[in-house]
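Colleague: I am new to this structure and would like to learn how to read it. Could you walk me through it?

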Amino acid sequence: MKITEPKFDEQEIRLLRQCLDSKWVTQGPMTGEFERLFAARHRVDHALATTSCTAALHLAVLALGLKPGDEVVVPAFTWVTSAHCAEYVGAKAVFADVEEDTFNLDPAALEAAITKRTRAVVAVHLFGLAARMDDIMAIARKHDLAVIEDAACAVGTTYRGIPVGGIGTIGCFSFHPRKVITTGEGGMVTTNRAELAERIRSLRNHGATGVAPGDDPSKPYTMSTFNQLGYNLRLSDIQAAVGIAQMDKLDGLLAERLQRAQNYSTLLCEIEEIVSPSAPEGSGHSYQSYVIRLRDGDRGRRNSVMDHLAAHDIQTRPGTHAVHRLGFYAQKYGLRPEDFPVAANCEDTSITLPIFPGMTDADQQRVVDCLRRALRA
Ligand SMILES: Cc1ncc(COP(=O)(O)O)c(C=O)c1O
C-alpha cells in the first residue's frame with residue numbers, strides 16, 4: 001500500500017486537452033483561472049502560481065526585502081525549505097522548538113528566539129494542522145515581524161474558521177503529489193497586500209516591470225523593461241489545467257481525509273504506545289499527512305516498526321526532519337542535536353501512515369493490525 005496517491009479523473013483529462021488544443025501552454029489563461037479559484041477559496045486578494053512551494057517561499061523572502069544580517073525564526077521540525085528560504089537571500093534561519101502534541105511552532109520558543117535582528121517568522125502549518133496563529137500574530141505585532149505562513153501541507157485548512165494563507169503577511173502552498181491537491185510540481189503565493197503581490201508578479205517573471213514610461217505598448221518592437229533582478233518561477237498552463245480540476249475536488253478530498261483520520265484515531269485509541277495527532281481548539285486540519293508518534297519510543301524502535309510495515313507492503317515515512325540536525329545547518333551554525341530536543345524526538349519517533357483518496361476501511365484496518373503486530377514483535 002502506497003503512503004499516498006493523487007486522485008485524477010476525466011476532468012483533469014478534459015482540461016488538459018483544452019489547454020493543449022489551445023496551443024497556449026506556458027503561464028496564461030489557465031493559470032489565471034487557477035489563481036482566481038485559489039484566491040476565492042482561501043479568501044485572499046491575491047494568489048500567484050509558482051513552480052513549487054519552495055519557489056513561493058523564495059519569492060516571499062525576496063518580496064519582503066530580507067537580506068544579509070536579518071534573522072528569520074523557523075520551527076526546528078519542518079521540511080528543509082521552510083529554513084532554506086531565509087538562507088537563499090543571505091538572511092539567517094534561527095530555529096525555535098516545536099510542541100510535541102501538534103508538531104507546530106511553540107509560541108514561547110518563538111518569542112525566546114527573537115533578537116533585534118529578527119525580521120520574520122515562518123509559521124508552518126505542518127501536516128495540514130493550523131499553527132497557533134493568534135499567539136504567533138500577537139508576537140509578530142509586538143516585535144514588528146512579517147509572518148510567512150508555510151502552508152505547503154495546508155490547502156483548505158482553516159484557523160478559527162479563516163482559511164490559512166491570508167492570516168499572516170504572505171502564504172505559501174505546495175501542489176507536490178503528496179499534498180492535498182497536486183499539479184505534479186507547483187505552488188502558490190497568497191497575500192492581501194497589493195504591493196507585495198506586484199513585486200512577486202515581477203520577481204517570478206524574470207523581474208519584468210512593464211513597458212517603460214513613454215513607450216507605446218501596442219508597437220511590435222516594444223518590450224517590457226526589467227528594473228529588478230528576477231527569476232523564472234512561473235507555473236505552466238498545462239499544470240494549471242490540472243490545478244483547476246483539482247480545486248473542484250478540494251472539498252471532497254478534504255472531507256475524505258478528515259473521515260479517514262477520524263477512523264484511524266478510533267482504531268488506534270486503545271494502543272497505549274501510540275499517540276495520534278491532535279488539534280488544539282480553533283486549529284483546523286487538512287490531514288495532508290496522518291502522523292503518529294511512539295510514546296516513550298526511540299529511533300531504533302520506530303525504525304523496527306517501519307521495517308515491519310514495509311515487510312508487509314505498507315509504505316510509511318518519518319514525519320519530517322529536525323532541520324537543525326541536517327548537515328548544512330548543524331555545520332554552518334554549530335548546532336547540536338540536543339539544542340531542539342522536541343524536534344529531535346518528533347523526528348525520531350514519528351511515523352506517517354498511508355492516507356489517500358479512495359482508501360477503504362479494510363485498508364485502514366490492515367495498517368492498524370499490522371502496526372499492532374509490529375509493536376508486539
Ligand atoms: C512544510 C513544507 N514546506 C515546504 C515544502 C516544499 O514544497 P515544494 O515541494 O512544493 O517545494 C514542503 C514539501 O514537502 C513542506 O512540507
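Modeller: Gladly! Keep in mind that this is a predicted model. A good starting point is the ligand, which sits in the largest pocket.

Colleague: How many residues surround the ligand, and which are the closest?

Modeller: A residue belongs to this shell if one of its heavy atoms lies within 4 Å of the ligand. Here 14 residues surround the ligand, and C53, T54, D150, S174 and K179 are the closest. The shell divides into five nonpolar, seven polar and two charged residues.

Colleague: Which helices each supply at least two residues of that shell?

Modeller: Those are α3, spanning 53-63, and α4, spanning 81-88.

Colleague: Now the polar contacts, please. What should I look for?

Modeller: Look for N or O atoms within 3.5 Å of each other. T54 has a polar side-chain atom 2.6 Å from an oxygen atom of the ligand. For S174, a polar side-chain atom lies 2.7 Å from an oxygen atom of the ligand, while a polar side-chain atom of D150 lies 2.7 Å from a nitrogen atom of the ligand. The ligand taken alone exposes 390 Å², and the protein buries 88% of that.

Colleague: What about aromatic rings? How many aromatic pairs are there?

Modeller: Rings pair if their centres lie within 6.5 Å, and the count comes to twelve aromatic pairs.

Colleague: Why is the pair of F34 and F38 edge-to-face?

Modeller: Planes over 60 degrees apart count as edge-to-face. The planes of F34 and F38 are at 75°, with ring centres 6.4 Å apart, so the pair is edge-to-face. Both residues belong to helix α2 (residues 29-41), and because F34 and F38 are four residues apart there, about one helical turn separates them.

How values were computed. Residues numbered from 1 in each chain as written. Predicted model: local features only at pLDDT ≥ 70, side-chain atom pairs only at ≥ 80, totals over all residues. Heavy atoms only, no water. Polar contact = N/O pair within 3.5 Å; in protein donor to acceptor, adjacent residues only side chain to side chain. Areas by Shrake-Rupley, 256 points an atom, 1.4 Å probe, with all protein chains shown as cover. 1 Å grid on protein atoms, 1.4 Å probe; cavity = no way out; pocket = protein on both sides within 12 Å on 5 of 7 lines; lining within 4 Å. Sits in = over half its atoms within 2 Å of the grid points. Nonpolar A, V, L, I, M, F, W, Y, C, P; charged D, E, K, R; others polar. Phe/Tyr/Trp six-rings, centres within 6.5 Å; stacked < 30°, edge-to-face > 60°.
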